[in-house]
Each structure stands twice: as structure tokens, then as C-alpha cells.
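Work through the exercises below with the structure open. Try each task before you read its solution.

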Amino acid sequence: MTRKHDSRGRRPHGPPYVQLFHWIRLTEAWKSLAPYSRLLYIEIRGRFNGSNNGDISMSHREAAEILCCSGRPVNAGFKELEDRGFIRPVQRGSFGWKVRTGGKGRATIWRLTELPQDIPVYNAAPSYEFKVWTPPAAPKNKTRRANSIPVACEKHSIATDMACEKHPNEVREAPQEP
């Protein structure tokens with residue numbers, strides 16, 4: 001018979017998993033994410049081990065390889081996740097930095113805003129920046145001005161008897177300058 005708790009009263013660990021809460025999925029920021037951005041977030045979240053928020057390393061090349069896509073959707077995904085407030089860079093990576101301590105490359109180090117920050121300084125309060133994100137205002141309708149009559153200068157105007165009666169927007173002559 002297997003025990004449900006060990007000697008310290010803790011449950012044994014099961015297989016690793018990524019937890020995505022429903023309240024995150026219901027935010028406007030999550031709904032606005034492209035599919036590659038959502039997949040990228042799940043991969044970054046999967047690198048969180050419970051005590052390394054603020055030291056989650058993922059480069060663009062790694063992400064492209066994991067997601068089996070080119071660099072364009074990966075670049076857009078990182079930009080979108082950062083714009084919406086799901087992730088924040090702790091230290092930017094660079095292609096020129098070849099070796100980091102421990103022999104690893106210098107990829108960007110990320111922090112998840114839904115979790116307390118562990119590294120470099122512990123901060124128990126998550127920032128939840130994605131909760132306050134609002135979609136940008138819809139662009140104004142860029143249709144032609146239906147009610148306006150175009151005004152042309154005298155040099156480019158046509159006589160009113162040349163304008164067709166079928167067209168409601170006839171060309172009107174510009175006022176004469178003294």
C-alpha cells in the first residue's frame with residue numbers, strides 16, 4: 001500500500017506540468033494573443049520550477065526550435081507577451097555574449113508577472129501587469145468624407161456645367177483671393 005504523505009507530511013511529487021488558470025485565460029490580454037504567443041508563454045511557464053522566477057532563460061533560437069517555426073513568429077510572440085505584460089526581461093541577452101557563468105549562452109532572462117519574483121531579489125507580490133492591459137482604441141473610419149464637397153483651386157476646377165448631375169459631389173470653385 002502506498003502512502004499519501006511522507007514523513008514530513010508532504011505529498012510525493014507527480015510528473016511536472018504547466019498550470020494555466022482560467023482567470024488568466026479570461027483576461028483581455030490573453031484573448032488578444034496570437035497562437036504562437038500563447039504557445040511561447042506555455043513554454044516559458046514550463047521552465048519555472050517553483051523558485052526561479054526572475055531567472056527563466058529562453059533565447060529566440062531556443063524558442064524557434066521548440067515551437068518548430070521560423071524566427072518571425074517567435075520575435076512577434078516575445079514582443080506581444082512583453083507588450084501585454086505577461087513577461088518582463090530581467091536581463092537582455094545578446095548574440096555577442098558567448099558564454100555566461102556555468103557555460104551557458106547569454107539568452108534573455110525572463111520574469112513571469114503572474115508569480116512572485118524569486119531572483120535577484122525576492123518580491124512576494126506579483127505585478128499582474130496583464131490584468132490592466134486594455135486593447136488599443138479602434139482606428140477611426142478612414143472612408144471618404146461622404147458629406148463634404150471637394151474644393152479645388154481655380155486652376156484645377158471645372159465648370160459646373162461640365163459636372164454630371166448623377167454625381168452629388170460636384171466640384172466647387174475655390175473662393176477668389178483679392
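**Exercise 1.** Locate C68 and describe its backbone and exposure.

Solution. Step 1: C68 sits in the loop between α4 and α5. Helices are DSSP runs of H or I with at least four residues, strands are runs of E with at least two, and both are numbered from the N terminus. This is a predicted model, where local features need pLDDT of at least 70, side-chain atom pairs count only at pLDDT 80 or more, and totals for chains, interfaces and linings use all residues. Residues are numbered from 1 along each chain as its sequence is written, and side-chain values use heavy atoms, with hydrogens and water left out.

Step 2: C68 is not a glycine, yet its phi is positive, about 55°. Most residues other than glycine have a negative phi.

Step 3: C68 is exposed, with a relative accessible area of 69%. Exposed means over 50% relative accessible area, buried under 20%, and partly exposed in between (1.4 Å probe, protein chains only).

**Exercise 2.** Sort the two faces of helix α4, and find what covers its buried residues.

Solution. Step 1: α4 spans residues 60-67. Its buried residues are A63, A64 and L67.

Step 2: Look down the axis of α4. The buried residues fall within an arc of 100°, so they line one face of the helix. The arc is taken from the directions from the helix axis to the C-beta atoms.

Step 3: Turn to the face pointing away from the buried side of α4. Exposed R61 and E65 are found there.

Step 4: The cover over the buried residues of α4 includes α3 (35-46) and α5 (71-84). Contact here means heavy atoms within 4.5 Å.

**Exercise 3.** Examine P120 and Y128 in the loop between β3 and β4.

Solution. Step 1: β3 covers 109-112 and β4 covers 151-152, and P120 lies in the loop between them. Y128 is found in the loop between β3 and β4.

Step 2: Check the peptide bond joining I119 and P120. It is cis, with omega about 0°. Most peptide bonds are trans.

Step 3: Y128 is not a glycine but has a positive phi of about 45°. Y128 is partly exposed, at 28% relative accessible area.

**Exercise 4.** Where in the chain is V18, and is V18 buried or partly exposed?

Solution. Step 1: V18 belongs to the segment before α1 (22-25).

Step 2: V18 is partly exposed, with a relative accessible area of 36%.
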